Amino acid sequence: MTHSQGLSDNNMLLLSSTLTATDTVAALSLLPKHNFPKIHSIIFGEGLLNDAVAIILFNMSKKLIATHEHLDLFSGSGLLTLVREFGVSITLSVFVGLVIGYVFLYTARRAPFEKMKQGTAEICLIFVLGFFSFYLAENLGFSGIISIFCFVVVAANYSQKFLSEKTFQSIDSLFKSGAFLAESIAFIYLGFQALQVFTADDLVRILFLSGFAILAIGIIRWISIGMPAFLFLCYEDLRVEPSELVLIWFSGLIRGAVSVALIFSFHEDQTDLVLKKVVLLVSLLTSLGFGNLSQFVTKKLGFGATNMR
């Protein structure tokens with residue numbers, strides 16, 4: 001169907017990798033972690049993983065398109081190339097992040113932070129090594145996002161005995177402020193660009209592709225979420241209730257800040273402009289539609305304020 005709209009395999013690869021990123025903020029804001037720890041952790045972790053995978057797939061897609069002018073995704077060699085590149089990138093990115101993370105732990109354990117009686121040096125160390133993890137991975141051709149994610153996981157889980165409570169609170173506030181600012185800028189841009197989308201000459205084509213993309217996202221997401229969940233029914237500790245499964249599915253339907261950020265890498269040719277408008281419209285429609293429905297769906301599934309457990 002997309003071929004009939006003038007999109008090649010390369011275009012579909014870019015579009016699908018961009019729309020892999022989810023925005024679970026709306027659902028998470030209605031699920032306090034202390035009241036629903038299990039479902040909150042699942043949605044939060046899946047959102048982080050989706051964003052990281054989307055960025056890896058997008059960068060890898062651009063690299064493959066640059067080296068393979070006509071990449072056939074439906075052939076054995078094309079699929080094998082995609083899987084191989086993805087596996088190598090994510091494995092080496094994780095390795096870089098873990099190495100830098102343990103370098104941070106060693107430094108934090110050896111440095112005399114307690115004598116300094118302030119968290120400034122500790123905060124600077126985390127930011128410097130975190131940036132170095134990202135920079136090193138990117139310059140080696142891997143994923144800086146996955147690398148810094150692994151670095152933060154190691155730092156957050158094993159450094160509590162070395163860093164002060166004041167440092168943890170300061171870092172938490174800094175990261176929350178930065179995340180809020182970045183997401184706000186992305187949605188401000190989305191709002192300004194919405195006018196350009198709705199006044200485009202090819203609006204009917206954009207609407208058709210966007211509607212098809214949203215429908216495909218819903219169907220494919222249900223398959224990808226539902227099948228593993230049914231496999232886990234045999235294990236009591238991993239069991240996912242039907243209401244939790246539906247909420248996990250619904251929370252990942254929104255496309256937002258990461259998808260919008262990725263389109264800045266699109267070229268200015270006619271086809272990429274179409275892809276850019278499709279991503280913008282999908283992000284706008286899912287954010288407004290599913291975002292406004294989040295509170296209603298959450299309450300109907302039994303996760304409202306009156307159903308805290």
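Helix H6 (residues 120-139) has 20 residues, which at 1.5 Å a residue should span 28 Å, and its end C-alpha atoms do sit 28 Å apart, so the two agree; the expected span is taken as 1.5 Å times one less than the number of residues. Helices here are DSSP runs (H or I, at least four residues), numbered from the N terminus. This is a predicted model, where local features need pLDDT of at least 70 and side-chain atom pairs count only at pLDDT 80 or more, while totals for chains, interfaces and linings use all residues. Residues are numbered from 1 along each chain as its sequence is written, and side-chain values use heavy atoms, with hydrogens and water left out.

H6 has two faces. Its buried residues (under 20% relative accessible area; exposed is over 50%, partly exposed in between, with a 1.4 Å probe and protein chains only) are Glu-122, Ile-123, Leu-125, Ile-126, Leu-129, Gly-130, Ser-133 and Ala-137. They take up an arc of only 160° around the axis, so they fall on the same side of H6; the arc is that of the directions from the helix axis to the C-beta atoms. An α-helix has 3.6 residues a turn, so residues three or four places apart point the same way. Over on the other side of H6, Val-128, Phe-131 and Asn-139 are exposed. Just after H6, Gly-141 adopts a positive phi of about 90°.

Next comes Ser-147, in helix H7 (residues 144-158). Ser-147 is buried, at 0% relative accessible area. Leaving out residues up to four places away in sequence, Ser-147 touches Ser-93, Val-96, Gly-97, Ser-133, Phe-134 and Ala-137, contact meaning heavy atoms within 4.5 Å. Two of these, Ser-133 and Ala-137, also feature among the buried residues of H6. The Ser-147 side chain also reaches the backbone nitrogen of Gly-97 at 3.4 Å.

As for aromatics, a search of the whole structure turns up five pairs. Rings of Phe, Tyr and Trp (its six-membered ring) pair if their centres lie within 6.5 Å, with planes under 30 degrees apart counted as stacked, over 60 as edge-to-face and the rest as tilted. One of the five is the edge-to-face pair of Phe-36 and Phe-303, 5.5 Å centre to centre with 70° between the planes. Phe-36 lies in the loop between helix H2 (25-29) and helix H3 (37-67), and Phe-303 in the segment after helix H12 (270-300), so the pair ties together parts 267 residues apart in sequence. Phe-36 is buried at 3% relative accessibility, and Phe-303 is buried at 1%.

How values were computed:
Helices (H or I, at least four residues) and strands (E, at least two) are DSSP runs, numbered from the N terminus. A polar contact is a pair of N or O atoms within 3.5 Å; within protein, one must be able to donate a hydrogen and the other to accept it, and residues adjacent in sequence count only if both atoms are side-chain atoms.
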